[in-house]
Amino acid sequence: MLQNYFKIAWRNLRKNQAYAFINITGLALGIGCALLIFALVRFHYQTDRYHRNYDRIYQITSRFASGTDEFKIQGIPYPLGQAVRNDHPELEHVAMLDEWYSPLISVLVPNQPDKKIKDKSHEGAFVEPAYFDIFDYTWLAGGPDGLGQPGTVVMSEEMARKCFGTIDNVVGRTVRLNARIPARVVGVFADYREDTDLAYSVMASWGSLKEQLNSRPESEPFDNTNGGTHCYVLFNDRFTAADWNREMQSFVKKYNPGKIKETSYPAIPFSTMHLSPEYGGVSQGLLLSLVLIGLLLIGTASINFVNLATAQALTRAREVGVRKVLGSTRTQLFWQFMGETTLIVMAASAVAILIFRYGQMLVHTYLHGAFRFTFYFSPSVVGWLGLLLALVILLAGLYPALIVAGFRPVVALAGRLTRQDTGGFSLRRGLVVTQFAISQMLIIGLLVVVNQLDYVKTKDLGFRKDAILTVGLPNLPSQDRGKMRTFRNLASAIPGVDKFSYSMSGPPQSGWTSQTTIRFDNRTEEEPYDPQQAWVDADYVGLYGLKIVAGRNLQPSDTLREALINETFMHRLGFREPADVLGKVMYKAGMPLEIVGVLKDYNQLDLRQSINPLFMSTWANGFYSANIQVRTADYGRVLKQLEKAYNQVYADSFFDPEFVDDQIQAAYQQEQTMGRLINFFTAIALLIGCMGLYGLVLFMVVQRTKEVGVRKVLGASVGSILWLFSKEFAQLIAIAFVFSAPLAWWAMDSWLANFEYKISLSPVIFILAFLATVVVALLTMSFQGVKAALMNPVKSLRTE
């Protein structure tokens with residue numbers, strides 16, 4: 001019986017090749033894109049879930065409250081971990097980790113300069129041995145036990161091969177961290193899978209951090225919070241996360257009493273950190289939006305199938321009538337047509353898997369950040385794919401099969417079936433409206449994202465960003481000021497180098513922020529908010545073109561003496577006129593800083609965030625970036641000469657220049673990639689919709705051939721014939737717009753809410769989306785419409 005069903009299905013598909021091609025291609029595109037989206041979403045929801053204690057791991061974070069504002073970060077004070085151990089020895093494990101950005105490793109090579117390896121693809125870290133009791137690693141050589149000693153390090157297999165060319169006999173060899181801190185290799189672990197947020201290629205002992213900081217971590221002040229310092233805890237039945245959060249206020253009162261009102265250290269489940277945007281994770285809203293797009297694509301392809309299947313039912317009326325007369329039951333006919341649907345879906349699935357495999361290659365080439373993923377196979381994948389295919393077969397095949405199986409044999413054999421018998425135009429109209437509504441929503445989304453990104457790219461940020469590059473200085477506790485002067489002189493002497501400046505973190509919007517508490521003038525208490533601080537030299541303001549609205553620039557100095565504040569800080573201090581705050585004194589950790597100038601507000605953070613209070617001062621020990629403005633078209637020559645000068649001064653470091661405009665654009669990488677994805681999925685949705693529309697018009701032309709012939713004999717023009725086929729779909733597009741516009745406005749308004757500075761949702765965007773849909777639909781219909789309109793009426797009238 002089943003063999004017979006599939007044999008008949010195969011014959012029908014061969015007979016109606018255009019119908020089969022449209023359905024298979026449409027379903028393949030929908031299923032293939034849905035598989036890609038599923039793989040991406042699954043990748044993020046599976047991140048770091050392979051650790052045995054995954055559900056019991058928590059991360060202690062910092063939360064700062066200032067009035068109605070709340071600021072959350074993963075970072076905590078250096079001494080927090082030891083304080084937690086002291087107060088709660090019943091905890092199973094507590095481990096501190098301090099992130100080490102762009103780790104530089106140097107390896108001694110006999111009779112040659114040291115081999116330097118800078119890993120830009122992964123970060124490094126300083127960790128306590130308990131870290132490896134909380135998280136699971138596979139050890140290829142040695143282990144983490146030796147990390148209890150200062151001057152020890154473990155590394156990934158990839159890093160070991162970069163350093164030594166092998167993983168054999170690596171344990172016991174010595175490297176230098178940041179080209180200056182000697183460390184003995186005590187272990188090599190297997191390379192990470194990509195679905196992890198803990199991809200540290202090299203991890204040094206916590207004791208080595210003393211030389212990195214030039215002080216013991218435990219002796220650092222408790223009110224100094226570093227965003228890269230993390231604390232992981234493995235709770236147990238004796239002391240739970242709820243117990244910690246309940247007793248947290250007394251903990252803050254004991255160790256940071258001056259900040260008890262505005263500071264807390266909540267324990268957050270590690271399982272939620274990857275999907276928490278406030279802690280730098282991926283937005284679940286973004287992932288759910290992609291899931292919705294995947295479902296819409298599946299729905300669009302299924303709508304095509306239903307429309308074409310019900311439309312084609314008229315051509316199969318006599319076949320159904322004969323089968324019923326010969327004894328076929330309604331159930332048998334139902335399963336015969338479900339078999340045809342299954343055959344089409346299985347063929348589409350084979351093509352979809354090819355699309356998925358090719359799409360994976362494109363993902364690794366063109367997508368970045370939250371959208372980049374690696375697909376890991378598991379039995380759940382087979383189950384999900386089977387569920388998806390069953391859903392598609394049900395969505396696409398159920399209604400047409402019920403309609404065809406329900407034909408009355410006498411009416412079917414007499415050829416008197418009406419459109420109402422095949423589901424009627426009302427159903428197809430509703431499905432076409434849904435299809436166009438989906439396409440219009442995606443087009444509106446695409447236009448909004450493109451316009452917002454263009455706004456971000458062209459908005460005046462309040463500082464100069466073109467033709468400026470930054471170079472990182474060695475990661476030292478205190479910079480060598482003699483070397484800094486030498487590098488400045490060598491770089492400034494290069495033809496084409498116009499300006500040179502040192503700063504803490506490179507350009508505004510670099511993503512590196514530092515906040516502190518201050519006390520203003522003769523006020524007895526610190527301000528109830530934490531302004532951002534930036535260490536810059538006297539040339540920084542001129543190089544970036546920052547505008548001083550009152551007062552003067554900072555004078556050259558290597559120590560904290562004066563301060564520039566921005567307008568937002570001035571207003572928060574209670575002043576309306578910039579001149580009124582000049583000469584006032586603010587105190588940072590007891591150090592007096594005279595306010596000598598007020599800067600016009602500029603976006604020191606990305607455009608998602610509002611401008612915060614900021615002050616700048618000079619402190620050479622805190623300079624980690626050189627800013628260089630170039631005035632020449634020959635960037636290659638200047639970069640080579642800068643590299644030569646840099647290596648001459650910092651032979652143990654790594655020359656790694658970055659242009660400022662590239663750094664700023666990188667801050668919006670997720671939005672740019674989202675724009676490309678919406679562009680792609682919009683094109684797919686339109687293609688699927690156009691294929692279905694083409695199939696419907698093709699069917700209409702066949703069904704109305706004689707009518708067209710009669711109209712032409714009676715004098716109808718080509719234009720009127722085209723309007724005959726177009727007017728109904730034009731009406732449906734207009735109805736679709738009525739439904740799609742409010743939904744698209746709501747969705748994009750919610751997305752734009754993530755930006756402090758954004759475009760307005762102009763009616764022009766919605767009108768353009770509507771016109772684009774109309775144009776695409778008319779172009780799709782025009783070929784078959786013109787062909788029908790130009791057909792010889794004599795031939796049309798002879799058509800049966």
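The legends below describe close-up views of a predicted model.

**View 1. Strand β7 and its two neighbours.** Strand β7 covers residues 123-127. Four of its five residues are buried, so the strand is largely enclosed by the rest of the structure. Strand β4 (residues 93-100) pairs with β7 in the antiparallel sense, over four bridges. Within this pairing, Leu 97 has Val 127 of β7 as its bridge partner. β7 also pairs with strand β12 (residues 200-205), here in the parallel sense and over five bridges. Ala 125 has Met 203 in β12 as its bridge partner. In a regular strand, side chains alternate between the two faces of the sheet.

**View 2. A stacked aromatic pair, Tyr 502 and Phe 623.** The whole structure holds 36 aromatic pairs. One of them is formed by Tyr 502 and Phe 623, whose ring centres are 6.3 Å apart. The angle between the two planes is 15°, and the pair is stacked. Tyr 502 belongs to strand β17 (residues 497-503), while Phe 623 lies in the loop between β24 (614-617) and β25 (625-630). The two residues are 121 residues apart, so the pair links distant parts of the chain. Tyr 502 and Phe 623 are both buried.

**View 3. An edge-to-face aromatic pair, Tyr 635 and Phe 659.** Tyr 635 and Phe 659 have ring centres 5.4 Å apart, with 80° between the planes. Tyr 635 is in helix α19 (residues 635-649), and Phe 659 is in strand β26 (residues 658-659). The pair links parts of the chain that are 24 residues apart. How accessible is Tyr 635? Its relative accessibility is 32%, so Tyr 635 counts as partly exposed. Phe 659 is also partly exposed, because its relative accessible area is 22%.

**View 4. An aromatic cluster.** Ten residues are shown, and they form one aromatic cluster. The tyrosines in this cluster are Tyr 54, Tyr 131, Tyr 137, Tyr 192 and Tyr 232. The phenylalanines are Phe 132, Phe 135, Phe 189 and Phe 270. Trp 139 belongs to the cluster as well.

**View 5. A charge over a ring, Arg 519 and Tyr 587.** The charged end of Arg 519 sits over the ring of Tyr 587. The distance from this charged end to the ring centre is 4.4 Å.

**View 6. Two residues with positive phi, Asn 169 and Asp 521.** Most residues other than glycine have a negative phi. Asn 169 has a positive phi, near 60°. Asn 169 lies in the loop between α5 (157-164) and β10 (174-177). With a relative accessibility of 70%, Asn 169 counts as exposed. Asp 521 is not a glycine either, and its phi is positive at about 50°. Asp 521 is located in the loop between β18 (519-520) and β19 (532-535). Its relative accessible area is 26%, so Asp 521 is partly exposed.

**View 7. Two buried cysteines, Cys 33 and Cys 231.** Cys 33 counts as buried, at 1% relative accessibility. Cys 231 is buried too, with a relative accessible area of 0%. A disulfide is a covalent bond between the sulfur atoms of two cysteines. How many disulfides does the model contain? With a cut-off of 2.5 Å between cysteine sulfur atoms, the count is zero disulfides.

Definitions and conventions
Residues are numbered from 1 along each chain as its sequence is written. Side-chain values use heavy atoms; hydrogens and water are left out. Buried means under 20% relative accessible area, exposed over 50%, partly exposed in between (1.4 Å probe, protein chains only). Two strands pair if DSSP finds at least two bridges between them. Rings of Phe, Tyr and Trp (its six-membered ring) pair if their centres lie within 6.5 Å; planes under 30 degrees apart count as stacked, over 60 as edge-to-face and the rest as tilted. A charge sits over a ring if NZ of Lys or CZ of Arg is within 6 Å of the ring centre and within 35 degrees of the ring normal.
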